[in-house]
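Trainee: I'm new to this one. Could you take me through a single part of it in detail, the place where the domains meet?

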Amino acid sequence: MLSRKVADRLAGMQTPFYLYDMDLLRLTLESAVSMAARYGYQLHYAIKANYDPRLLEMIRQYGLGIDCASGNEVRCAIEAGFDPAKIVYAGVGKKDDELRYAIDQGLFAINCESLEELDVLSALAVEAGKKVTVALRVNPDIDPKTNHCIDTGQADSKFGISYEEILEHSGHIRQLPGICVRGMHLHIGSQIRELHVFEYLCEKVNVIVENLEKAGFQLEFVDVGGGLGINYDMPENEPVPNFASVFAIINSHLRVGDRPVHFEFGRAIVGECGELITRVLYNKTTATGRKLLIVDSSMTELIRPALYGAYHNIENITSKEEKREKYTIVGTACESTDKFDENVSLPVSKRGDLLTLKSAGAYGQSMASRYNLHDLPRSVYSDEL
Ligand SMILES: Cc1ncc(COP(=O)(O)O)c(C=O)c1O
């Protein structure tokens, strides 16, 4: 873990901040790209996971495309130098001005998530004198066996169009003048650690693709989304996620002929390379005897624990104490849910000590807010220390 190795150099720095291990990001990208190349898979980075310009620069250098969830994400990707022809754009609630902007950019595909969106997109494309490539985001009704807050592919989810609805309206969709359906897309959820879920995903995709073809769609590509999980419990044991296994599973179970297969990984690309470094401000014991460590960051820097009950492994990187204590680690925000974890065993920790919240590279800095008028967290990179 980087922060422990460079703790002396971090000690004098103003906290909190995100620390990015650029060597680990490089290793992760090398692994993802070389494993994907074995099967000719196309990789997009889900930019929502982290917009940091230095991270984006490295990701672009490795040739990945981008997966976006808003017009501003499309703009951010293009400004960071990504080729629009490698950008896909999903989202259940694309606004008209976002769609107009996306139509003008000539993206690889707009992934549509409702019948009404298809109608609106077609009308806006006709207005612009264009025909846009669309992938239908299908809701496959799969339980991804992850935290319920981040599953997206079960029947009742707001994401994607039900497969039955697509078949029922296939004639209407195919004659829409402003769009051409060329792909099928799905994304069933995030932080998937039970990899056999990807087998079910393939089985569903095989059936869906076959039936969409029978319904008259000519599908030229299949986009199976992202979702590969990382090891939040013991990140040191698995700093680079298991791209080899997920690609091998997809390769042996997916039957989509020679159509290119696209992936949209976010967490698996940037999750492990980032840590949130924060300083202990105060010790306090509640009337019930609970020992609190109050640190100088909060849900405004890293909202995942408060938002989803997500776990981040926490360590004290500067304490030399032998004796350990169990702490509840809370932040500075004026919210009771602003708590990073409970019962955390740490060396006895005192004001000024530095803590790291590990595996915070994905959905950490990108979800930061200015609630309580906190400053947005800054980035520190390993190669600039
Ligand atoms: C459509 C889509 N694709 C890809 C991703 C990236 O998921 P992950 O970070 O789990 O790889 C998301 C995440 O929310 C998504 O909504």
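Mentor: Sure, and a word on terms before we start: the domain bounds I'll use come from an automatic or database domain assignment. With that in hand, the chain splits into domain 1, which covers 2-17 + 273-384, and domain 2, which covers 23-270. Keep in mind that this is a predicted model.

Let's begin with the overall layout. Measuring over C-alpha atoms, the centres of domain 1 and domain 2 are 33 Å apart. The contact draws on 21 residues from domain 1 and 23 residues from domain 2.

How much surface goes into that meeting? The size of an interface is often given as the accessible area lost when the parts come together. Here domain 1 and domain 2 bury about 1,800 Å² between them, and 50% of that is on carbon and sulfur atoms. On the domain 1 side, look for C273, Y308 and Y363: they supply 33% of the area that domain 1 buries against domain 2, more than any other three residues.

Now for the polar side of things. The interface of domain 1 and domain 2 has three salt bridges. For a salt bridge to zoom in on, try K358 and E236, whose side chains meet at 3.0 Å, N to O. Between the two domains there are also twelve residue pairs in polar contact, counting pairs with both residues at pLDDT 80 or more. As for which elements are involved, helix 13 (304-308) and strand 17 (378-381) each give at least two residues to the side of domain 1 that touches domain 2. The residues on that side come out as six nonpolar, ten polar and five charged.

While you're there, have a look at the ligand too. It has 14 residues around it, and S190, G227, E264, R267 and Y363 come nearest. You've met Y363 already, as one of the three residues that supply 33% of the area domain 1 buries against domain 2. Some of the ligand's surroundings can be followed atom by atom. In the side chain of S190, an N or O atom is 2.3 Å from an oxygen atom of the ligand. With G227 it's the backbone: an N or O atom there lies 2.9 Å from a ligand oxygen. K48 has a polar side-chain atom 3.5 Å from an oxygen atom of the ligand.

How values were computed: Residues numbered from 1 in each chain as written. Predicted model: local features only at pLDDT ≥ 70, side-chain atom pairs only at ≥ 80, totals over all residues. Heavy atoms only, no water. Contact = heavy atoms within 4.5 Å. Buried area = accessible area lost by both parts, 1.4 Å probe. Salt bridge = Lys/Arg side-chain N within 4 Å of Asp/Glu carboxyl O. Polar contact = N/O pair within 3.5 Å; in protein donor to acceptor, adjacent residues only side chain to side chain. Helix = DSSP H or I, 4+ residues; strand = E, 2+ residues; numbered from the N terminus. Nonpolar A, V, L, I, M, F, W, Y, C, P; charged D, E, K, R; others polar. Near = heavy atom within 4 Å.
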